[in-house]
Each structure stands twice: as structure tokens, then as C-alpha cells.
Amino acid sequence: MPLLYEPARHEPLTATPWSEGAAHEAVARITGDALASFTPEALWPPHPLDDANPADSRPLPLYDGAGGVIWALQHLRRVRAIDRDFDFDFRATVATLVERHRTVIASWDNAHGSYLLGDTGLLLLQWQFTHDAAVADELFTTVEANLHHKSLEALWGSPGSLLAARHMAEATNEPRWRDQLERGLRILWDAMVFDEGLGAWLWVQDMYGRHSRYLGAGHGFAGNIFPALGGASWLPSELVQRYADRALQTLTATAVADGTCINWAPEHDPRGQPPNKWLVQDCHGGPGIVCRLADAPRTPAWDALLLGAGELVWRAGPLEKGVGLCHGTAGNGYALLKLWQRSGDEVWRDRARAFAMHAIEQVQRFAERTGQTRHSLWTGDIGVALFAHACIVGDARYPTLDVF
């Protein structure tokens with residue numbers, strides 16, 4: 001039977017039992033450290049495990065920069081997860097992020113429409129603070145310009161920026177956002193290609209000088225399906241159903257099983273070659289597929305795929321690479337929490353909480369190892385605070401994807 005994960009990428013789960021009190025303390029500790037480490041000029045200190053940047057071009061976007069940390073702190077404040085006094089007003093800082101970040105991405109190829117790395121997420125954050133009509137119009141224009149992005153994936157292309165349209169539809173109920181979401185998904189639908197050898201539909205991503213057929217959430221198929229399933233209440237039911245049907249067809253055709261566990265290669269190789277590596281993390285592999293598609297129809301076929309992926313997350317154990325959402329223990333833990341929400345089976349919440357305790361301990365270990373804490377939403381400590389609070393209250397919504 002195939003081994004669907006690489007043990008060296010994982011580590012044994014902590015024996016520390018779940019403690020709601022310890023989770024509360026971790027949220028307070030992580031958020032308190034983030035607030036104490038912030039300055040309006042320098043924002044947050046760069047971390048050696050993130051890309052090195054000169055002081056005048058420190059990370060700013062939702063993914064690994066100031067925008068994501070500010071969003072997380074504001075969200076935790078809104079849901080009353082932060083008990084300590086929160087007297088920070090990030091308004092003035094948020095108003096500068098788009099322009100400051102444009103100096104960083106000026107040389108990047110057509111990056112402005114990116115949700116996590118470009119203007120789109122930062123404009124959405126700015127609108128959330130101000131409800132300024134001019135900011136909303138600029139956001140609409142930016143999403144519109146990204147509807148035909150060549151990458152056909154969520155990090156740079158329309159499947160990511162359409163999340164901003166969904167969040168704006170939910171916040172404003174304006175028809176233009178619902179129309180933009182639907183039009184974008186119909187454009188994306190038309191870009192799918194049928195793979196004769198596989199007998200299923202895929203997108204071909206054009207990124208970084210190569211063409212790929214990624215399957216997961218970070219750059220591929222599941223990430224492209226997500227805006228349709230997640231935005232179903234704003235879309236025609238026939239469009240959502242067509243996306244769900246093709247998703248089931250493709251993920252069934254590409255799933256690889258080992259007993260009760262299921263995973264997917266990072267990308268489909270039309271030559272039939274096995275993958276160079278098996279990944280079990282949010283950006284590639286089963287966890288991200290569960291987190292993006294947990295709202296799929298409750299059918300035996302869907303349940304088998306998603307529960308099999310969850311079993312793999314549990315068997316493989318926490319990730320050794322990091323603590324955060326993209327390729328860390330917190331991101332994998334959200335998949336377990338999603339399966340609790342979907343199935344109602346308490347075993348999945350218990351497993352998610354076990355991952356939360358492990359991630360909390362990892363934050364401390366990584367800080368001791370590197371000599372500093374890591375201020376980043378998708379790769380750093382604040383993602384663990386969000387996940388720990390989610391396990392306390394039973395909120396499986398994925399940060400910046402399901403909720404903004």
C-alpha cells in the first residue's frame with residue numbers, strides 16, 4: 001500500500017491534554033506579544049523563516065505581512081477572544097498599506113489582483129475599517145481586472161480575488177458584488193480542460209515559467225472550487241451544483257488511498273509518474289482539500305473522500321515545518337475542526353483540540369529556537385491564536401477565507 005505522507009515532515013503529537021484555560025492563555029500571550037511588538041513605522045519585526053526583506057519593504061499583505069496580522073487582531077477583538085484592553089487603533093496604518101506594498105510588488109508580474117499577496121486583500125481590509133465608497137470602487141476594479149488572470153489558481157488569480165467579491169456581497173448586499181462573483185466563476189468554469197487519460201476536468205496553471213495541474217488548495221483545483229461552494233448563497237444553484245459535480249469527479253479520479261486514509265499528489269501528472277513528494281498541509285494535500293470543500297454535498301461519496309483525508313491528517317500527525325495555516329499544525333488542525341462541523345462526530349473536535357495544544361507548544365519551541373516570535377497570519381503565531389480560539393468556541397470558519 002502507498003505511504004501517503006513523509007514521516008520526516010511530521011512529529012509525534014503532544015501528550016498534553018486539551019485545556020480551555022491553557023488555550024485562552026495562549027491566545028492572550030500571542031496577541032499580547034503581537035501588540036507589544038508593533039510600531040506604526042516598522043510594523044512587525046521580520047522573521048528569519050520568512051523571506052528576508054529590507055526594512056523599507058517588510059511584508060505587508062494578508063499572507064505574511066502586517067495586513068494579515070492586523071486583520072487577525074481585529075477579528076479576535078470582534079469575537080471577544082482578547083480579554084485584555086485593546087486600545088490600538090490601526091486605522092492610520094491600514095490606510096497606508098496598499099501604497100506601501102505597491103513599492104514592494106512593482107516588479108512582480110501582474111500581482112496587484114492577488115488576494116493574499118497583492119492589493120485585493122489589503123483594499124478589503126481598508127474598506128472594513130472605513131466603509132469608504134471610493135475604496136470599495138477601487139476594490140471592485142481590482143477584482144475585475146483579475147478575472148482573466150493566466151495563473152488559474154487562488155494565490156495570484158481570480159479564485160483568490162473572487163473571495164473579496166464574496167465578502168463584499170455578504171457585507172453590503174450590493175448586486176454588483178454578486179454579479180462579479182458569478183461572472184468570475186463562469187469565466188473560470190470555461191477555462192477548465194478535460195483530461196482524456198484521467199477522465200475528469202482540471203485547470204492548467206501558468207505560473208513561475210511552467211504549466212502545472214495542481215490539485216490542492218494553495219495553487220490548484222480545490223482552491224478554484226472553493227469560491228463556488230463557499231459563496232453558494234450568492235450564486236445560482238445550477239452553477240454551484242455543476243462545480244460540485246466536477247469536483248467530485250476529479251477528486252475521486254485523483255485520490256490515492258491507503259487503508260482508511262486518502263491523499264492527493266500535489267499535482268496530476270498526465271504521464272502517470274508518481275509524485276516527487278507527498279505533502280499533508282493546507283497548500284498541498286488532504287488538509288487543504290478538506291478545508292476548502294467541507295461544504296460539499298452530504299453524500300456517501302463526498303463523505304468518504306473528506307473523512308479519508310481527515311484520517312490521514314490524524315495519522316500523519318502535526319507538521320514539523322511550522323505552526324501556521326499554510327504549511328503548519330494550525331492549518332491541518334482546521335481540517336479536523338471542519339470535519340467535526342460537517343459530521344457532528346465529537347472525535348474530530350477532540351482531534352482538532354489535540355492539534356491546538358501541540359501548536360501552542362510549537363510556538364514556544366520555535367521562539368526559543370529562532371530567538372523571536374513570528375508575526376504572520378498564514379505562516380506565523382497569530383494563526384495559532386485564531387485556531388486555539390476556534391477550538392474553544394467551535395468555530396470552524398477558516399481565517400480570511402470563510403470569514404473576513
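Me: In this predicted model, how many positive and negative side chains does the chain have, and how far apart do the centres of the two sets lie?

Reply: One reads such a feature by counting each kind of charge and then comparing where the two sets are centred. Here the chain has 35 positive and 48 negative side chains, and the centres of these two sets lie 1 Å apart.

Me: What does the chain expose, and what share of that area do carbon and sulfur atoms supply?

Reply: The exposed area is about 15,700 Å², with carbon and sulfur atoms supplying 52% of it, while 60% of the 404 residues count as buried.

Me: Which secondary structure elements does the chain have, and how many of each?

Reply: There are 14 helices and six strands in the chain. The radius of gyration of the chain is 20 Å, close to the 22 Å that the globule rule gives for 404 residues, so the chain is as compact as a globular protein of that length. Along the principal axes, the C-alpha atoms fill a box of roughly 55 × 50 × 35 Å.

Me: How should I read the contacts by their separation in sequence, and what share comes from residues 24 or more positions apart?

Reply: The idea is to set aside neighbours along the chain and ask how far apart the remaining partners are in sequence. Among contacts with a separation of 6 or more, residues 24 or more positions apart account for 70%.

Me: Turning to a single residue, is T142 buried or exposed?

Reply: T142, which is found in helix α5 (residues 133-145), has a relative accessible area of 13%, and because buried means under 20%, T142 is buried. Leaving out residues up to four places away in sequence, T142 touches H112, G113, D119, T120 and L123.

How values were computed:
Residues numbered from 1 in each chain as written. Predicted model: local features only at pLDDT ≥ 70, side-chain atom pairs only at ≥ 80, totals over all residues. Heavy atoms only, no water. Helix = DSSP H or I, 4+ residues; strand = E, 2+ residues; numbered from the N terminus. Buried < 20%, exposed > 50% of the residue type's maximum accessible area, 1.4 Å probe, protein only. Contact = heavy atoms within 4.5 Å. Rg over C-alpha atoms; globule rule 2.2 N^0.38 Å. Areas by Shrake-Rupley, 256 points an atom, 1.4 Å probe, with all protein chains shown as cover. Lys, Arg positive; Asp, Glu negative; His and termini not counted. Charge placed at Lys NZ, Arg CZ, Asp CG, Glu CD.
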